[in-house]
Amino acid sequence: MKAIVYFSLLVSSISCTALENKQTETKVDTVLIKAPTVSEERENPSKKPIATYTVPIDDGMGNANNWKFAVNIFETKKTFEYKVQIEYKEIRATEKITIPNFGMLPQVSIKPGKSSLDCMIGFGDKKGLFKEYIQVSVKNEQLKFKKINSYAVYKYRTPVNK
């Protein structure tokens, strides 16, 4: 009978010590950072432009032709994709742009460029700073749509040692 009591005390002592050791162990080889997620689909894209830039063009007849240089940006069903409608005099063009997914809803806007027939399409970063992305301009009576900066999101993984 005494052997059973000693054996029970020994087993409970060993299991308590093992439990204490497990509680003090910490795993430091993995850091998990969760980025906020934004839906890839937009439920109700606005029918109105979210950003516009317009400059009237003098046609020499008191603007009888109603010519203008205009850039309008519209939302699409995809959250990070936008339709850009461009107009210069009688020329019309439509382009699509994709804003990188930085884990937040994009804030797309248009800023004036170096001349009246030049503007920059960009977006705000997490600090609210304007990031130039696309230049829309008129050169030699031709529309130019040029990507001037590239932005990317990289996922970083640390190797797990086994």
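In what pattern do the helix and strands follow one another when the chain is read along the sequence? In this predicted model, the order is α-β-β-β-β-β-β-β-β. The chain thus comprises one helix and eight strands. Of its 162 residues, 28% are buried. Among contacts between residues at least 6 apart in sequence, 41% join residues at least 24 apart.

Confidence varies along the chain. The average pLDDT is 82, and 74% of the residues score at least 70. Residues 18-24 have a pLDDT below 50, and this stretch makes zero contacts in the model beyond near neighbours in sequence. Where pLDDT is low, the predicted coordinates should not be read in detail. Helix H1 spans residues 2-24.

The largest nonpolar core contains 24 residues. Within this core, the residues with the most contacts are Phe69, Val71, Ile73, Ile110, Ile121 and Val136. At least two core residues come from each of strands E1 (51-56), E2 (68-75), E3 (81-88), E5 (108-112), E6 (118-124) and E7 (130-139). The surroundings of Ile110 illustrate the packing. Apart from neighbours within four places in sequence, Ile110 contacts Ala51, Thr52 and Tyr53, together with Val71 and Ile73, and also Cys119, Met120 and Ile121. Three of the partners named here, Val71, Ile73 and Ile121, are listed with Ile110 among the core residues with the most contacts.

Ile50 is located in the loop between helix H1 and strand E1. With a relative accessible area of 33%, Ile50 is partly exposed, because this value falls between the limits of 20% for buried and 50% for exposed. Outside a window of four places in sequence, the contacts of Ile50 are Ile73, Glu75, Tyr82 and Val108. Val108 is 58 residues from Ile50 in sequence, yet the C-alpha atoms of the two are 7.7 Å apart.

Two glutamates, in strands E3 and E4, were examined individually. Glu81 lies in strand E3. Its relative accessible area is 17%, so Glu81 is classed as buried, the cut-off being under 20%. Residues up to four places away in sequence being excluded, Glu81 touches Arg42, Thr76, Lys96, Ile97 and Thr98. Glu95 is part of strand E4, which covers residues 91-98. Glu95 has a relative accessible area of 33% and is therefore partly exposed. Its contacts, with residues up to four places away again left out, are Tyr82, Lys83, Val84, Ile86 and Phe145. Gln85 is ten residues from Glu95 along the chain, and a distance of 6.6 Å separates their C-alpha atoms.

The remaining feature concerns internal empty space. Rolling a probe the size of a water molecule over the atoms shows where such space is left. The structure holds one cavity of 30 Å³ or more, and the volume of the largest cavity is about 30 Å³. Its lining is formed by Ile99, Pro100, Phe102, Met104, Leu105, Pro106, Phe123 and Gly124. By residue class, this lining consists of seven nonpolar residues and one polar residue, with no charged residues. The polar residue is Gly124, because glycine is counted in the polar class.

Key:
Residues numbered from 1 in each chain as written. Predicted model: local features only at pLDDT ≥ 70, side-chain atom pairs only at ≥ 80, totals over all residues. Heavy atoms only, no water. pLDDT = per-residue confidence, 0-100. Contact = heavy atoms within 4.5 Å. Helix = DSSP H or I, 4+ residues; strand = E, 2+ residues; numbered from the N terminus. Buried < 20%, exposed > 50% of the residue type's maximum accessible area, 1.4 Å probe, protein only. 1 Å grid on protein atoms, 1.4 Å probe; cavity = no way out; pocket = protein on both sides within 12 Å on 5 of 7 lines; lining within 4 Å. Points joined across faces, edges and corners; volume = space filled by probe spheres on them. Core = buried A, V, L, I, M, F, W, Y, C linked by side-chain atoms within 4.5 Å.
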